[in-house]
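Okay, everyone, thanks for coming. Today I'd like to talk about charged side chains and how they pair up, so let's get the picture on the screen.

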Amino acid sequence: MAFRVYLSGEIHTDWRDRIRDGAAGLGIDFDGPVTDHGNSDDCGVAILGAEDDKFWHDHKGAKLNAIRTRKGIAEADVVVVRFGDKYKQWNAAFDAGYAAALGKSLIILQPEEHDHALKEVDAAALAVARTPEQVVQLLAYVITGTLPG
């Protein structure tokens, strides 16, 4: 059973690499957003021209990035959304809501201290994991039917 998994959310740690490495051999095709923060922020103005107002600078980039994000989430079998320890991650919450609205199988990856703030997001998920390794175990179980250990 092959799966396409979209990895959304926080871009400042190695969680994506840990999931990809741990899931090697499971036949999973991974996709995700552009994780180079500078490229993601500046793609709109780099391609479509400079903006004096930071709002329009960000607006252009967000729209271009949304093309990739929407396609990736729409084509995914499973969407994993990571909420990290830092920053307000409104884009991750938006991606989780979009995935839920499309009826995608949703796994949330978050630290325990976010439980209250993300209770509505978590309620839409089929699983809430604390570590990338737990996400790997969830995916392995879904694909192979075997438990860890």
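So, E51 and K60: their side chains meet in a salt bridge, with N and O 2.8 Å apart. Keep in mind that we're looking at a predicted model here. Are these two partners buried or exposed? Well, E51 is partly exposed, at 30% relative accessible area. K60 comes in at 18%, and it counts as buried because the cut-off for that is under 20%.

That pair has company, by the way: the structure holds eleven salt bridges. The general idea is simple enough: side chains of opposite charge can pair when their charged atoms come close.

Next up, R4 and D31. These two form a salt bridge as well, and their closest N and O atoms are 3.8 Å apart. Now look at where they sit: R4 is in strand β1, residues 3-9, while D31 is in strand β2, residues 28-31, so this pair ties together parts that are 27 residues apart in sequence. R4 is partly exposed, with 27% relative accessible area, whereas D31 is buried, at 19%. And there's a third player, since R4, D31 and R68 are linked in a network of salt bridges.

Last one: D17 and R20. Here the N to O distance in the salt bridge is 3.7 Å. Where are they? Both lie in helix α1, which covers residues 15-22, and they're three residues apart, about one turn of the helix. As for exposure, D17 is partly exposed at 43%, and R20 is partly exposed at 33%.

Definitions and conventions: Residues numbered from 1 in each chain as written. Predicted model: local features only at pLDDT ≥ 70, side-chain atom pairs only at ≥ 80, totals over all residues. Heavy atoms only, no water. Salt bridge = Lys/Arg side-chain N within 4 Å of Asp/Glu carboxyl O. Helix = DSSP H or I, 4+ residues; strand = E, 2+ residues; numbered from the N terminus. Buried < 20%, exposed > 50% of the residue type's maximum accessible area, 1.4 Å probe, protein only.
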